[in-house]
Amino acid sequence: MIRSALAGLALGLLIGAGASWQAYRLGIEVADGRHAAQLAEAQTAQFKAAELASRKEAERLAMVEANRILSRQFEDQAYADPPAVAECLPESRRLRLQARIDAANRAAAGQP
């Protein structure tokens, strides 16, 4: 009788240990699935942020190029009028150069 009770107890412990192990493995699989889903969400968000940053950088570079072209045109206009007197610049040329300096100062200060 004691042997059958001990055998039953051992069998119960063995079944309990197997069930616990199965539950542990199932928990690991569920956690792995959750982590994989969270990783996929994070990667998607990161990809969208990278695309946005790429578009913004392209826009910034386009604006820098447009600014360079306009600056060059402004410079060309400033040098288009030959000085009437060798000692000073004509008023129109001085005003254009002053406008360029003002625009550069506003841009450096972050003002529109």
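1. Let's start with Phe47, which is found in helix α1. This is a predicted model, and in it Phe47 is exposed, because its relative accessible area is 54% and the cut-off for exposed is over 50%. You might also look from Phe47 across to Arg94: the two are 47 residues apart along the chain, and their C-alpha atoms are separated by 50 Å.

2. Now for the whole chain. What does the secondary structure come to? The protein has two helices and zero strands. Its radius of gyration is 38 Å, well over the 13 Å that the globule rule gives for 112 residues, so the protein is more spread out than a compact globule. Along its principal axes, the C-alpha trace spans about 125 × 20 × 20 Å.

3. The surface figures are worth a look alongside that outline. Buried residues make up 4% of the 112 residues. The accessible surface comes to about 9,400 Å², and carbon and sulfur atoms account for 64% of that surface.

4. Next, please turn to the beginning of the chain. Ile2, Leu6, Leu9 and Leu13 make a nonpolar surface patch of about 450 Å². Leu13 has its place in helix α1, which covers residues 2–80. Is Leu13 buried or exposed? Leu13 counts as exposed, because its relative accessibility is 56%.

5. A little further along the same topic of side chains, the structure holds one aromatic pair. The ring centres of Trp21 and Tyr24 are 5.5 Å apart and the ring planes stand at 35°, so the pair is tilted. Both residues lie in helix α1, three residues apart, which is about one turn of the helix. Trp21 counts as exposed at 53% relative accessibility, whereas Tyr24, with a relative accessible area of 49%, is partly exposed.

6. How many salt bridges does the structure hold? There are three, and we can take them in turn. In one of them, the side chains of Glu57 and Arg60 meet with an N to O distance of 2.8 Å. Glu57 and Arg60 are separated by about one helical turn, because they are three residues apart in helix α1. Glu57 is partly exposed, with a relative accessible area of 36%, and Arg60 also counts as partly exposed, at 41%.

7. Another salt bridge joins the side chains of Glu65 and Arg68, at 2.7 Å from N to O. These partners, too, lie in helix α1 and are three residues apart, about one turn of the helix. Glu65 has a relative accessible area of 36% and is partly exposed; Arg68, at 48%, is partly exposed as well.

8. Asp76 and Arg72 form a salt bridge in which the closest N and O atoms are 3.4 Å apart. Here the spacing is four residues, about one turn of helix α1, where both residues lie. Asp76 counts as partly exposed at 40% relative accessibility, while Arg72 counts as exposed at 51%.

9. Finally, a friendly check on helix α2, which covers residues 91–109. At 1.5 Å a residue, its 19 residues should span 27 Å, and the C-alpha atoms at its ends are 27 Å apart, so the two figures agree. Just after α2 comes Gly110, which takes a positive phi of about 85°.

How values were computed: Residues numbered from 1 in each chain as written. Predicted model: local features only at pLDDT ≥ 70, side-chain atom pairs only at ≥ 80, totals over all residues. Heavy atoms only, no water. Patch = residues over 30% accessible without salt bridge, like charges linked within 9 Å, V, L, I, M, F, W, Y side chains within 5 Å. Areas by Shrake-Rupley, 256 points an atom, 1.4 Å probe, with all protein chains shown as cover. Salt bridge = Lys/Arg side-chain N within 4 Å of Asp/Glu carboxyl O. Buried < 20%, exposed > 50% of the residue type's maximum accessible area, 1.4 Å probe, protein only. Expected span 1.5 Å × (residues − 1). Rg over C-alpha atoms; globule rule 2.2 N^0.38 Å. Phe/Tyr/Trp six-rings, centres within 6.5 Å; stacked < 30°, edge-to-face > 60°.
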